Amino acid sequence: MASSKVKTLLIYKLLMEYSDEENPLSSTELIQLLAKEGIHCERKSIYADIQTLNDVGFEIISTKSPKKGFFMASRRFELPQVRLLIDAVSSAGFITENKTKDLVEKLESLVSVNQANDLVSQVYIDGNRKCDNEEIYYVIDSLHEAILDNKKVRFTYKRRNIDIENRKSYTEKMFTVSPYALIWKDDHYYLVCNNDKYDNLMNLRLDRMRRITMLDQPARPFSDVSEYNDVFDVADYTSKMFSMYSGDTVDVTLHCNLGLREEIMDRFGSKIPLKAVDSSHFETTISAAVSDGFVSWVMSFGDKIRVVSPPSLADTVKEKAMAIASLY
């Protein structure tokens, strides 16, 4: 009886690993693969085991084209979903090259061997954009635990120096902060937190963190340093950030070229108000954290966006544009 149960489980394992719609496994191939595992059986018992697997909810299809055999039709993740996850992991700069390769291999195990081989041939990992912080998993786990336990954390923050003699060096600074949220944005992973020295929020990159420790000190309530009270609204906070620069949140009215309507809605959501000014322009009012990141975002559109209000922000953009022009 025991060997029969093992055989059924092995058939499931073999179908998961080797079969797909284009590469079904015949009963003969299953018998041969089982023999390598030390299990010998007849063809009719294969059919009985596959029927049992189907009876308990595993969708195994019998096919005659392109070849006769069986394949696992239902998987937890479909091929396009696995490809999407692999692309996300491969492009994430905060995951080291070694950990990227390890994660990709694990994701490949969600599909058949033949499908995985096709995926591998299409995956490109740009090592130049990957960080070198092999502590990144530990950093993520420690911060997640600290946020849940409402505790402060201490870590070393590492930054690259610019040396006039082109010597590669780094500076390290110790931070003690109250952590509130983890955000993946613009291919970087950030911690939203507060430094007790200031009454505001700051965003720090996880890939620059080293030697993290959770302290036995309660975190400062985020209501003391933000507009949020009962729940820290990550979606709302992220929507107001530009290049993850912190800043005071204000209402900003923008005068935009009509051709930017799709980009504006992509950035701020399809529900924002768009008010026609003339046949070529519209205005919209959005809530944004005013910072160098926001100013740079506005200027990236050149003469297609003009800040209408607040006047102080319009003056900042004008001064920045004049400073850039003076360089040339």
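1. Let's start with G259. In this predicted model, G259 has a relative accessibility of 52%, and because the cut-off for exposed is over 50%, the residue counts as exposed. Its place is the loop that runs between β8 (248–257) and α9 (261–268). As for what surrounds it, G259 and F282 are separated by 23 residues in sequence, and their C-alpha atoms are 9.6 Å apart.

2. D224 is another loop residue to look at. You'll find it between β7 (209–218) and α8 (234–240). D224 has a relative accessible area of 45%, so it is partly exposed. From D224 to G259 is 35 residues along the sequence, but 41 Å in space, C-alpha to C-alpha.

3. On to the interior. The largest nonpolar core counts 28 residues, and L143, F155, L191, L204, L206 and M209 are the ones with the most contacts inside it. Which helix gives the most to this core? That would be α7 (residues 136–149), with four residues. Another core, of 20 residues, lies apart from it; V252, L254, F282 and W297 are among its members. So F282, the partner I used for G259 in point 1, belongs to that 20-residue core.

4. Aromatics are worth a pass of their own, with 15 aromatic pairs in the structure. Take Y228 and F232: the ring centres are 5.1 Å apart and the planes meet at 65°, so this pair is edge-to-face. Both partners are buried, Y228 at 8% relative accessibility and F232 at 9%. The two also belong to a wider cluster, in which ring pairs link them with Y180, F222 and Y237.

5. W297 and F301 make another edge-to-face pair, because their planes stand at 75°, with the ring centres 5.1 Å apart. How buried or exposed are the two? W297 is buried, with a relative accessible area of 16%, and F301 is buried at 16% as well. W297 has already come up as a member of the 20-residue core.

6. Two charged side chains sit over rings. K99 is over the face of Y137, 5.2 Å from the ring centre. R267 does likewise with F268, at 5.3 Å from the ring centre. If you're following the secondary structure, R267 and F268 fall in α9 (261–268), the helix on the far side of the G259 loop.

7. Now the largest pocket. It holds about 330 Å³ of space. Its lining is made of 15 residues, with C131, D132, Y170, D207 and R208 lying nearest the centre. Which strand supplies the largest share of that lining? Strand β3 (residues 151–160) does, with three residues.

8. Last, helix α2 (residues 27–36). Its buried residues are S27, L30, L33 and L34. Viewed down the helix axis they fall within an arc of 120°, so they line one face of α2. The spacing fits the textbook picture: an α-helix has 3.6 residues a turn, so residues three or four places apart point the same way. After α2 comes G38, which has a positive phi, near 85°.

How values were computed:
Residues are numbered from 1 along each chain as its sequence is written. This is a predicted model: local features need pLDDT of at least 70, side-chain atom pairs count only at pLDDT 80 or more; totals for chains, interfaces and linings use all residues. Side-chain values use heavy atoms; hydrogens and water are left out. Buried means under 20% relative accessible area, exposed over 50%, partly exposed in between (1.4 Å probe, protein chains only). Helices (H or I, at least four residues) and strands (E, at least two) are DSSP runs, numbered from the N terminus. The arc is that of the directions from the helix axis to the C-beta atoms. A nonpolar core is a set of buried Ala, Val, Leu, Ile, Met, Phe, Trp, Tyr and Cys residues joined through side-chain atoms within 4.5 Å. Rings of Phe, Tyr and Trp (its six-membered ring) pair if their centres lie within 6.5 Å; planes under 30 degrees apart count as stacked, over 60 as edge-to-face and the rest as tilted. A charge sits over a ring if NZ of Lys or CZ of Arg is within 6 Å of the ring centre and within 35 degrees of the ring normal. On a 1 Å grid over the protein atoms alone, a cavity is a set of points where a 1.4 Å probe fits but cannot get out, and a pocket is an open set with protein on both sides within 12 Å along at least five of seven lines; lining residues have an atom within 4 Å of a point. Grid points are joined across faces, edges and corners, and a volume is the space filled by probe spheres set on the points.
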